[in-house]
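Here are my notes from a first pass, numbered so you can reply point by point. Have the structure open while you read.

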Amino acid sequence: ERDFTLLVLLFVSFRLMTTLLYQPGGVFLDYRDYSFYFAMAEQSARGYLPYLHFWMEYPPLFPWLAVVFYHLAIHLPSLNTPLSTFHALLTSFTLLFETGNLVLLYRLGRLLYGPTTAFRCAFIYAGLFIPFQTWLGWFDSIPVFCLLLGLWLVLRGHPGLAGVAAGVGFLVKVFPILLVPVALRTLTKGRLHLLLGAAVSAAILAAPFFIANPAIFV
């Protein structure tokens, strides 16, 4: 546990310092999709909001999260440009979920294979470049967290909460809902709780957007 705590601290430090000091477009590529997220959120300054006035190819939770961080970014001292401030704020937020992914991989490995293999799984994830670059350029850390959390909850015998994690993840990006059919194939009890958790959580989060503009939502 002490070694794993050290790994988590190194993991957070590596990514946090990258957010503050790394200049996308210089060493590697660019802001990847963050330029698009910023341009989308910038429409809110003109009175246009996602799922109220225009459609998005993502479910509604992340576009609205981007709008919140856009307004934070334009009211804070700029690191370089408003986009760089927006990027730093939003990646700092997704770092919470990225760290959660590391912890969940460790917990899943420990549950399935024991502490030695669990630490190796976590260490490999922390050291790979692609998860790092994905965190820096996209928001997939959030739905991956929902998927891994749901899987862990299924394995721990909490299908209702697993359904909630899948339902919330579905409103961030579609793929976490895949947990539901997979879990239904393996669970011997709690299937109804799983389905209700996913359906109710997704319905509660989706209802305001559906009511506001059902045509765009559908």
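**Notes on the model**

1. Let's start with Tyr113, which counts as exposed because its relative accessibility is 60%, and the cut-off for exposed is over 50%. Tyr113 sits in helix 4. Bear in mind as you go that this is a predicted model.

2. Tyr113 also has company on the outside: together with Leu111, Leu112, Leu151 and Leu155 it makes up a nonpolar surface patch. The accessible area of these residues together comes to about 480 Å². Helix 4 and helix 7 each put in at least two residues, and helix 4 gives the most, with three.

3. Now for an opposite case: is Arg15 buried or exposed? Arg15 counts as buried because its relative accessibility is 0%, and the cut-off for buried is under 20%. You'll find Arg15 in helix 1, which covers residues 2-21.

4. And what does Arg15 touch, leaving out residues up to four places away in sequence? The contacts are Leu95, Glu98, Tyr125, Ala126, Pro131, Phe132 and Trp135. It's worth displaying Arg15 with these residues around it.

5. On to the inside. The largest nonpolar core has 28 residues, and those touching the most other members are Tyr37, Phe62, Leu65, Ala66, Phe86, Leu90 and Phe139. Helix 2 (34-42), helix 3 (61-74), helix 4 (82-113) and helix 7 (141-155) each supply at least two residues of this core. Helix 3 contributes the largest share, seven residues.

6. Take Phe62 from that list as a place to zoom in. Setting aside residues up to four places away in sequence, Phe62 touches Tyr37, Leu90 and Phe139.

7. Helix 7 deserves a point of its own. Its length checks out: 15 residues at 1.5 Å a residue should span 21 Å, and the C-alpha atoms at its ends are 21 Å apart, so the two agree.

8. Which residues of helix 7 are buried? They are Ser141, Ile142, Pro143, Phe145, Cys146, Leu148, Gly150, Leu153 and Val154. Their cover includes helix 3, helix 4, helix 6 (129-137), helix 8 (159-170) and helix 9 (179-186). Helix 7 also has a part in the surface patch, through at least two residues.

9. One last backbone detail: just after helix 7, Gly157 takes a positive phi of about 85°.

Methods. Residues are numbered from 1 along each chain as its sequence is written. This is a predicted model: local features need pLDDT of at least 70, side-chain atom pairs count only at pLDDT 80 or more; totals for chains, interfaces and linings use all residues. Side-chain values use heavy atoms; hydrogens and water are left out. A nonpolar core is a set of buried Ala, Val, Leu, Ile, Met, Phe, Trp, Tyr and Cys residues joined through side-chain atoms within 4.5 Å. Buried means under 20% relative accessible area, exposed over 50%, partly exposed in between (1.4 Å probe, protein chains only). Helices (H or I, at least four residues) and strands (E, at least two) are DSSP runs, numbered from the N terminus. Contact means heavy atoms within 4.5 Å. Patches are made of residues with over 30% relative accessible area and no salt bridge: like charges are joined within 9 Å, nonpolar side chains (Val, Leu, Ile, Met, Phe, Trp, Tyr) within 5 Å. Accessible areas come from the Shrake-Rupley method with a 1.4 Å probe; for residues, only the protein chains shown count as cover. A salt bridge is a side-chain nitrogen of Lys or Arg within 4 Å of a carboxyl oxygen of Asp or Glu. The expected span of a helix is 1.5 Å times one less than its number of residues.
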